[in-house]
Amino acid sequence: MQKTFSWIRNLLLLTTLWLATADVAHAVQRDVWVAAVPVRFDFMPWGRDPISGKTFTAEQRFAPATIYRRTTRNWRRPLRNSDVSSLPRDGVPGPLIRARVGDTINVHFKNLEPAGGRAHSMHFHGVRYPPSSDGAFVPGVSGPDAEVKPGQSWTYRLRAIRESEGVWPYHDHAPDMHHAIEEGMYGALSIIGRKDRWPDREFVVVFNSTHEFETINNRAFINNTPTFRARVGEVVQWDVLALGSAHHTFHVHGHRWLDENHTPLDTRTIGPAESFRVRWTEREPGTWLYHCHREDHMSRGMVGLYKVAPAAKGQRRKRPGGSAGQAPAPAAPPAHSDDGHAHEH
Ligand SMILES: [Cu+2]
């Protein structure tokens with residue numbers, strides 16, 4: 001009897017060791033460089049709301065803001081924050097930080113506000129970190145991670161653990177966080193399982209309120225908010241997040257997805273700092289609306305376009321199922337580049 005137990009114990013020990021080694025072999029360290037950059041932000045780069053026909057003055061369109069900007073190593077050169085599928089809109093949210101379960105993420109943050117400017121920080125949801133990487137200002141408790149002053153920098157050391165899989169917000173948590181978040185100091189973390197594939201397209205939608213507008217990625221009204229693009233056959237993932245103080249209802253026209261209980265949905269409500277992701281294999285060509293379904297929010301700007309092109313000739317890939325819900329893994333490499341991230345081996 002005892003012999004059997006020790007045999008089982010040894011087997012368990014070996015399995016644990018094997019799993020631990022497999023973890024180390026697979027996990028990578030990802031270094032992300034981010035700067036807080038003061039800008040004159042254009043909330044309506046297209047200048048008008050095509051539904052109401054309203055146009056906006058420079059005073060309504062522009063406001064000073066500090067935003068997160070992805071950069072090259074040592075904050076030398078600014079890079080794009082977004083996936084190519086949401087261009088030309090960029091700047092807010094901050095860089096999409098992607099990782100796999102098991103990875104270490106070092107976010108090297110520098111505050112580029114001029115001397116005398118505000119302190120900023122980065123506070124991350126969903127991942128594991130020591131208190132010195134919390135980035136949240138608590139008088140008498142927190143350290144320099146929570147108050148990165150102009151010209152200073154801090155490295156936040158994060159780990160994507162098993163419970164980190166999914167989509168999470170990050171945001172400024174320095175003393176002036178409420179203004180900074182209204183200006184657009186937030187972004188998304190996207191973490192997939194160790195063996196999962198990245199989708200072909202990944203769209204980040206952040207609902208927030210700023211000035212008198214209700215915004216998606218800090219912009220209001222169609223053609224000002226991002227116009228997301230995909231092609232029939234591609235696996236698309238929507239990362240949906242909310243900041244600020246209101247609840248929002250995410251809705252995409254002509255599409256539906258399955259929730260955790262395999263119930264089809266085409267709307268889902270989220271509150272402050274909540275987040276979720278939905279995936280499907282695209283099969284609905286056309287120009288579609290995506291928006292917050294709170295009508296007072298929609299009329300104040302929380303609406304955008306989603307354009308789906310037909311499958312390219314000769315490029316139609318065979319996909320099992322092709323129905324709504326958690327889509328099968330795509331065959332193609334991700335459309336998103338891993339700019340500023342470590343390369344996976
Ligand atoms: Cu809303």
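A nonpolar core is a set of buried Ala, Val, Leu, Ile, Met, Phe, Trp, Tyr and Cys residues joined through C-beta atoms within 7 Å. Keep that in mind while working through this predicted model.

**Exercise 1. Get a feel for the chain and how far to trust it.**

Step 1: Start with the make-up. The chain holds 4 helices and 19 strands.

Step 2: Check the confidence. The mean pLDDT of the chain is 87, with 83% of its residues at 70 or more. Watch out for residues 318-345, though: the pLDDT there is below 50, and the stretch has 58 contacts in the model beyond near neighbours in sequence.

Step 3: Look at burial and contacts. Of the 345 residues, 43% are buried. Take the contacts in the chain with a separation of 6 or more: 76% of them join residues 24 or more positions apart.

**Exercise 2. Find the residues with the most contacts inside the largest nonpolar core, then follow one of them outward.**

Step 1: The largest nonpolar core counts 73 residues. Those with the most contacts inside it are Val-34, Val-107, Phe-124, Leu-189, Val-205 and Val-206. In soluble globular proteins, nonpolar side chains tend to be buried together.

Step 2: Pick Phe-124. Leaving out residues up to four places away in sequence, Phe-124 touches Tyr-129, Tyr-156, Leu-158, Trp-168, Tyr-170 and Leu-189. Leu-189 is also on the list of core residues with the most contacts.

**Exercise 3. Is Tyr-129 buried, partly exposed or exposed? Place it in the chain as well.**

Step 1: Locate Tyr-129. It's in the loop that runs between strand 5 (123-124) and strand 6 (153-159).

Step 2: Count neighbours. Tyr-129 has 17 C-beta neighbours inside 10 Å. Buried takes 20 or more and exposed takes 12 or fewer, so Tyr-129 is partly exposed.

Step 3: See who it meets. With residues up to four places away set aside, Tyr-129 touches Phe-124, Asp-134, Tyr-156, Arg-157, Leu-158 and Arg-159. Tyr-156 sits 27 residues from Tyr-129 along the chain, yet their C-alpha atoms are separated by 8.1 Å.

**Exercise 4. Work out which strands stand at the edges of the sheet that includes strand 6.**

Step 1: Write down the order. This open sheet has 4 strands, ordered 2-1-4-6, with mixed pairing.

Step 2: Read off the ends. Strand 2 (62-70) and strand 6 each have a single partner strand, so one side of each lacks a neighbour in the sheet. From one strand to the next, the twist averages 20°.

Step 3: Zoom in on one pair. Strand 1 (residues 29-42) and strand 2 pair antiparallel over 9 bridges. Val-34, met earlier in the core, has Arg-70 of strand 2 as its bridge partner.

Note on methods: Residues are numbered from 1 along each chain as its sequence is written. This is a predicted model: local features need pLDDT of at least 70, side-chain atom pairs count only at pLDDT 80 or more; totals for chains, interfaces and linings use all residues. Helices (H or I, at least four residues) and strands (E, at least two) are DSSP runs, numbered from the N terminus. Two residues are in contact if their C-beta atoms, placed from the backbone, lie within 7 Å. pLDDT is the predictor's confidence in each residue, from 0 to 100. Two strands pair if DSSP finds at least two bridges between them. Axes are lines fitted to C-alpha atoms, for helices over the stretch in contact, and angles run from 0 to 180 degrees between N-to-C directions.
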